[in-house]
Amino acid sequence: MKFFLDTANLDELKKGASWGIVDGVTTNPSLIAKEGKPIAEQIRAICDIVDGDISAEVVATEAQAMIREGRELARIHKNVVVKCPLTRDGIKATSALSKDGLRVNVTLCFSAGQALIAAKAGAYIISPFVGRLDDIGWTGMELIRSIMTIYKNYGFKTQVLAASLRSPTHVIDAGLAGAHIGTLPFKVLDMLFNHPLTDKGLEQFLKDYAKVFQETPVAG
Ligand code: G3P
């Protein structure tokens, strides 16, 4: 399962990248706006921190404008994946950009029918939003399972990126569902490390060791 960080914040990205487990980054207009820098500048800075797929979302809503904007975003860096919303114009743009060999992450997916459309349009990645479905009382992870089944039935190559993940449980469930990628807010990735028994076990190891060897052991 690939781990992407769902943030445009450079400090979070540097910290996550230092753990050696971050395979890519997703951004969206809200996350870019939060950092206050022009998208091209922010995305270029992100590409210098994480060597992997970096999703940058268009803000145009009409197909031709989306195509122009998508081509511009793709020119920022070879790792940029253009993000288009799952609208009729977004799918039109996805079909055109994919035919041109550009990689598109189709976002704001909330149904298996939408995901089927995105795969048929040649999407490189589909982003079903689990947390936002949970927020309205649906079972967001069901959508991941349905999409995985449909894509397997027809051999679609589109990668399923579980998005809008709110907890370590979401990440585990996305893994159980076989999602290719999970995109995590930094705080969720950080929480994933935590277990009280790990802390307790390490404390006991060090206490037992210190009883016999006063100095910190020197390797060798
Ligand atoms: O960036 C796409 C998606 O992960 C957004 O998640 O938390 O805003 O629902 P969220």
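**Note on the predicted model**

1. Buried residues account for 45% of the 220 residues in the protein chain. The coordinates come from a predicted model, and the remarks below should be read with that in mind. The protein chain contains 11 helices and eight strands. Along the principal axes, its C-alpha atoms fill a box of roughly 70 × 35 × 35 Å. Of the contacts in the protein chain that link residues at least 6 apart in sequence, 57% join residues at least 24 apart.

2. Helix α1 (residues 10–18) packs with helix α3 (residues 39–49) at an angle of about 15°, and the two axes are 10 Å apart. Angles under 35 degrees count as roughly parallel, and α1 and α3 are therefore roughly parallel to each other. Their crossing is right-handed. From α1, the residues L10, L13, K14 and A17 meet Q42, A45, I46 and I49 of α3.

3. Helix α4 has 12 residues, which should span 16 Å at 1.5 Å a residue; the C-alpha atoms at its ends are 16 Å apart, in agreement with that value. The buried residues in α4 are A63, M66, I67, E69, G70, L73 and A74. The elements that cover them include α3, β3 (53–57), β4 (80–85) and α5. Helix α3 thus appears in two settings, as the partner of α1 and as part of the cover of α4.

4. The pairing of α4 with α5 deserves separate comment. The axes of helix α4 (residues 63–74) and helix α5 (residues 88–99) come within 8 Å and cross at roughly 45°. The two helices are therefore oblique to each other, and α4 passes α5 in a right-handed crossing. On the α4 side the contact is made by A63, M66, I67, G70 and R71, and on the α5 side by D89, G90, K92, A93, A96 and L97. Among the α4 residues in this contact, A63, M66, I67 and G70 are also buried.

5. Which residues does I67 touch, leaving aside its neighbours within four places in sequence? The contacts of I67 are with A93, A96 and L97, and these three residues belong to the α5 side of the helix pair. I67 is found in helix α4. Its relative accessibility is 6%; buried means under 20%, so I67 counts as buried. By C-alpha positions, I67 and L176 are 35 Å apart in space, with their positions 109 residues apart in sequence.

6. Helix α8 (residues 140–154) has 15 residues and reaches 22 Å from its first C-alpha to its last, close to the 21 Å expected at 1.5 Å a residue. Its buried residues are G140, M141, L143, I144, I147, M148 and Y151. Why do the buried residues line one face of the helix? Seen down the axis of α8, they fall within an arc of 150°, so they line one face. An α-helix has 3.6 residues a turn, so residues three or four places apart point the same way.

7. The cover over the buried residues of α8 is drawn from both strands and helices: it includes β5 (104–109), α6 (112–120), β6 (125–128), α7 (130–135), β7 (159–162) and α9 (168–176). Directly after α8 comes G155, whose phi is positive, near 70°.

8. Two residues other than glycine also have positive phi and merit inspection. L108 has a phi near 60° and lies in strand β5; that strand is among the elements covering the buried residues of α8. S164 has a phi of about 60° and is placed in the loop between β7 and α9. Are these residues buried or partly exposed? L108 is partly exposed, with a relative accessible area of 32%, whereas S164, at 9% relative accessibility, counts as buried.

9. Helix α11 (residues 196–212) has 17 residues and reaches 25 Å from its first C-alpha to its last, close to the 24 Å expected at 1.5 Å a residue. How many of its 17 residues are buried? The count is zero, and α11 is hardly covered. In α8, by contrast, the buried residues include L143, I144 and I147.

Technical notes: Residues numbered from 1 in each chain as written. Predicted model: local features only at pLDDT ≥ 70, side-chain atom pairs only at ≥ 80, totals over all residues. Heavy atoms only, no water. Helix = DSSP H or I, 4+ residues; strand = E, 2+ residues; numbered from the N terminus. Expected span 1.5 Å × (residues − 1). Buried < 20%, exposed > 50% of the residue type's maximum accessible area, 1.4 Å probe, protein only. Arc of directions from axis to C-beta. Contact = heavy atoms within 4.5 Å. Axes fitted to C-alpha atoms, helices over the stretch in contact; angles between N-to-C directions. Parallel < 35°, antiparallel > 145°, perpendicular 65-115°, else oblique. Left-handed = near helix turned anticlockwise from the far one by under 90°.
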